[in-house]
Amino acid sequence: MTLVKYDETRHACNICAKMEADANAKAYDEVSGPQIEAGSQFIRELNLSLGDKVLDMGCGTGHLTKYIADIVGPDGQAVGIDPDAERIKIAEEKYKAVGNLQFYVGNSVIGFPNDSEPYYDVHISTNAFHWVPDDDKRIYIQKAHRCLKAGGKLAIWCAAKMLNEEKIEGAHTLTQVQEGYRDMFQEVGLFNNVVVDAPIYPYRYESFEEFKRWFKASARQDLDPDKHADLVKKLVTTEDDGQVTFKVPCIHITACKN
């Protein structure tokens, strides 16, 4: 009898977790406009070519992967990878009619299509690398090098270290910012012409409530008025029109494979 109750409780918890994951993925899809705008700008600066095969690691619900697919054209290919199955489900449903666009659940550790052969022209990640644990970052770099063609490019745009980041569960940025990422690439070796920049990018939201929705959907945790007070005080500004600007310290990395 006790075992039956335990199974029923576990089943109910699994259902609740699934519903929460569904809701999180949908919210992320709805409120991620500012980071999509920033990611689009980053992608434009890469000068992708018609016919390129591009991997988008940490693709979320696929907005930017679709943007990449449009740039590379029908003779190219855009492949979106994300560990969140619910976000991939949304991406597949939204873009199922796009012939040069595919989505898969995965990451650099678990694996992804063509991860052990020189297949892709460009390996891109936007707004995801800061969620990758430090040891896995090295695996990420190694896998990226392995799957790129000779002359291929690795491009990463992610958040830099923020105030009291230890209070943002799951974030893994490097303390020394630019120097830390340069040192990591140097330790791993493999890539040449590694360029690391640290721009500040303003995300604009219609209201503070919308910013809170984005924070919860992106970071998978509520914006806590006490725990995250310093972050809000230093990086978030409420404008006269009620809109909110979040000044995001970013890291841009580009590197080439011989």
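Lysine 143 is buried, at a relative accessible area of 12% (buried means under 20%, exposed over 50% and partly exposed in between, with a 1.4 Å probe and protein chains only). The model is a predicted one, so local features need pLDDT of at least 70 and side-chain atom pairs count only at pLDDT 80 or more, whereas totals for chains, interfaces and linings use all residues. Residues are numbered from 1 along each chain as its sequence is written, and side-chain values use heavy atoms, with hydrogens and water left out.

Back to lysine 143: its side chain meets that of aspartate 115 in a salt bridge, at 3.7 Å from N to O (a side-chain nitrogen of Lys or Arg within 4 Å of a carboxyl oxygen of Asp or Glu). This pair ties together distant parts of the chain, with aspartate 115 in the loop between β3 (101–105) and β4 (120–126) and lysine 143 in helix α5 (residues 134–147), 28 residues apart. Helices (H or I, at least four residues) and strands (E, at least two) are DSSP runs, numbered from the N terminus. Aspartate 115 also counts as buried, at 16% relative accessibility.

Across the whole structure, the search turns up nine salt bridges. Another one in α5 joins lysine 137 and aspartate 134, 3.8 Å from N to O. These two are three residues apart in the helix, so about one helical turn separates them. Lysine 137 is buried at 0% relative accessible area, while aspartate 134 is partly exposed at 32%. The charged end of lysine 137 also sits over the ring of phenylalanine 129, 5.1 Å from its centre (the rule asks for NZ of Lys or CZ of Arg within 6 Å of the ring centre and within 35 degrees of the ring normal).

Helix α3 (residues 63–72) has a similar i-to-turn story: aspartate 70 and lysine 66 are four residues apart there, about one helical turn. Their closest N and O atoms are 2.9 Å apart, in a salt bridge. Both ends are partly exposed, aspartate 70 at 47% and lysine 66 at 22%. In helix α4 (residues 85–94), the buried residues are Glu86, Arg87, Ile88, Ile90 and Ala91. Aspartate 84 caps the N-terminal end of α4, with a side-chain oxygen 2.9 Å from the backbone nitrogen of glutamate 86.

Then there is lysine 257, in the segment after β9 (244–256). Lysine 257 is buried but has no salt bridge, and the nearest side chain of opposite charge, glutamate 117, is 11 Å away (Lys and Arg count as positive, Asp and Glu as negative, and His and the chain ends are not counted). Leaving out residues up to four places away in sequence, lysine 257 touches Pro118, His145, Arg146, Leu148, Lys149, Ala150, Gly151, Gly152 and Phe191, contact being heavy atoms within 4.5 Å. Cysteine 256 belongs to strand β9 and is partly exposed at 26%. With neighbours within four places set aside, its contacts are Gly152, Phe191, Asn192 and Asn193. Cysteine 256 and leucine 148 are 108 residues apart in sequence, yet 9.3 Å apart from C-alpha to C-alpha.

As for the rings, the count comes to 16 aromatic pairs (rings of Phe, Tyr and Trp, the last by its six-membered ring, with centres within 6.5 Å; planes under 30 degrees apart are stacked, over 60 edge-to-face and the rest tilted). One of them, tyrosine 205 with phenylalanine 211, is edge-to-face, at 5.6 Å centre to centre and 65° between the planes. Tyrosine 205 is buried at 0% relative accessibility, and phenylalanine 211 is buried at 0% as well. Ring pairs link these two into a cluster with Tyr201, Tyr203, Phe208, Trp214, Phe215 and Phe246.

Notes
Polar contact = N/O pair within 3.5 Å; in protein donor to acceptor, adjacent residues only side chain to side chain.
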